[in-house]
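Thank you all for coming; I would like to take a few minutes to walk through a structure that is new to most of this group. Please bring it up on the screen, and we will go through it together.

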Amino acid sequence: MTIRLPDFKGGFRAYEPRKEPFAATPGTPFTSRTVFSAAHVVADPFADSTPDSPAAVDWDATLAFRRHLWSHGLGVAEAMDTAQRGMGLDWAGAAELIRRSAAEATSVGGLIACGVGTDQLTGPATLDEVRAAYEEQLALVEESGAQAILMASRALAAAAKSPEDYLEVYGHLLRQSAEPVVLHWLGPMFDPALEGYWGSSDLDAATDTFLEVIAAHPDKVDGIKVSLLEAQREIDIRRRLPQGVRCYTGDDFNYPELIAGDDQGFSHALLGIFDPLGPLAAEAVRVLDTGDAKGFRELLDPTVELSRHLFQAPTRFYKTGVVFLAWLAGHQSHFTMVGGLQSARSLPHFARAYELADGLGLFPDPKLAEERMKNLLSLYGVNQ
């Protein structure tokens, strides 16, 4: 049996769905790498909301997905951009998400780190207001018992006039943080409002400022997450880190080689693509735990084509593909997103995502995924 899928030229192609899923079983945490999956949120499809309304979240389904990730040994990076932070999920929703997920992590013994930003600011802000907003969110995350991830701030990018402004704000936050944090450098391909972060659009100059913050407070920085989609730059940065500061790759284009590493080091992981890849990614890291880098690459390298497809420009809309695949995989009963973001990708894009994910065996029930894909196609007028 085949399914008719639209291509990118206005035509159709026949695809024969896979019959069996990738065989993966839940397991214990990893030993060679620390691995977080940034996790998406599940919208409440029955809420009477609009794209401008506060996010209506299905908390049961959202937390169930986090338990799925934890069951495979993955940590959860909560309230990050994968959760549509700043693209449908406001600070009030993010705060509730952090509280609920942190409590759930405690109950199941799961690893969790949560995003700290400034998205409660809704207009132009001063540096003092930016710092206060960061402090409010940092306090909530610390009170929840989760590790903090200091995310890049749109408000800081708009308010800062020089690299020194970044040094002052981040230095203040690191001095008062109770535990070591993860610093997150999110490139403008993920959020155009972050252009020129760290005080310069010259990435070499920005890197120097970023590393200066870390060098001044190495005891307060657990690690860094670099999301610039430039493998060599990440390698260069991780080689300049102080002893004991980890590099968590956020490069959804080049993650297998960066996690595998070289004779001078490796990256840990904090990735949005590990949301749909969870069980397969976990199996690959367990192979790496045995010292089998070749086997790790053999499992993970074939996933890069799907990741590059989901994260293609405009990269910030990758969340749509992530949630689409969660629906096909049976992790949620619908394909509705907060902010109406299910409309952000085209039908040919969805069709190719289905084909690539099915080819990898990512769907626990391939027949269910096929039926749901056919239902979506029928809504667009595609008859099988």
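I will go from the nonpolar core to the strands, then to a histidine, the aromatic rings and a loop residue.

Before the details, please keep in mind that this is a predicted model.

Let me begin with the interior, where the largest nonpolar core has 119 residues, and where the members that touch the most other members are Tyr-170, Leu-183, Tyr-197, Ile-224, Phe-274, Phe-324 and Tyr-354. Helix H9, which covers residues 274–289, gives the most to this core, with eight residues. Apart from that core lies another one, of 10 residues, including Ala-77, Met-80, Val-182 and Leu-270. If we pick out Phe-274 and set aside residues up to four places away in sequence, we find that Phe-274 touches Val-35, Phe-36, Ser-37, Leu-69, Leu-74, Tyr-255, Ile-259, Ala-269, Ala-281 and Leu-300.

Now to the strands. Strand S5, residues 112–116, pairs with strand S6, residues 147–150, in the parallel sense over four bridges, and within this pairing Gly-115 of S5 stands opposite Ile-149 in S6. Which way does the chain turn as it crosses from S5 to S6? The path runs through helix H3, residues 127–144, and this β-α-β crossover is right-handed. S6 also pairs with strand S7, residues 181–186, again in the parallel sense, over two bridges, and here Leu-150 has Leu-183 in S7 as its bridge partner. You may recall Leu-183 from the list of core residues that touch the most other members.

Strand S7 also holds His-184. Is this histidine buried or exposed? His-184 is buried, because its relative accessible area is 2%, and the cut-off for buried is under 20%. The side chain of His-184 makes a polar contact of 3.4 Å with the side chain of Ser-227. Leaving aside neighbours within four places in sequence, the residues in contact with His-184 are Met-80, Asp-81, Ile-149, Leu-150, Met-151, Ala-152, Lys-225 and Ser-227.

Let me turn to the aromatic rings, of which a search of the whole structure finds 20 pairs. In one of them, Phe-324 and Phe-350, the ring centres are 4.7 Å apart and the planes stand at 35°, so the pair is tilted. This pair links distant parts of the chain, since Phe-324 sits in helix H12, residues 318–328, and Phe-350 in helix H13, residues 347–359, 26 residues apart. Phe-324 counts as buried at 0% relative accessibility, and Phe-350 counts as buried at 1%. A further pair is made by Trp-327 and Phe-335, whose ring centres are 5.9 Å apart and whose planes are at 15°, so this pair is stacked; both Trp-327 and Phe-335 are buried. There is also an aromatic cluster formed by Tyr-134, Tyr-166, Tyr-170, Trp-185, Tyr-197, Trp-198 and Phe-210.

Finally, I would point you to Thr-126, which lies in the loop between S5 and H3. Thr-126 is partly exposed, with a relative accessible area of 43%. The C-alpha atoms of Thr-126 and Ala-155 are separated by 8.4 Å, although these two residues are 29 residues apart along the chain.

Terms used. Residues are numbered from 1 along each chain as its sequence is written. This is a predicted model: local features need pLDDT of at least 70, side-chain atom pairs count only at pLDDT 80 or more; totals for chains, interfaces and linings use all residues. Side-chain values use heavy atoms; hydrogens and water are left out. A nonpolar core is a set of buried Ala, Val, Leu, Ile, Met, Phe, Trp, Tyr and Cys residues joined through side-chain atoms within 4.5 Å. Buried means under 20% relative accessible area, exposed over 50%, partly exposed in between (1.4 Å probe, protein chains only). Contact means heavy atoms within 4.5 Å. Two strands pair if DSSP finds at least two bridges between them. A crossover is right-handed if, with the strands pointing away from the viewer, the path from the first strand over the helix to the second runs clockwise. A polar contact is a pair of N or O atoms within 3.5 Å; within protein, one must be able to donate a hydrogen and the other to accept it, and residues adjacent in sequence count only if both atoms are side-chain atoms. Rings of Phe, Tyr and Trp (its six-membered ring) pair if their centres lie within 6.5 Å; planes under 30 degrees apart count as stacked, over 60 as edge-to-face and the rest as tilted.
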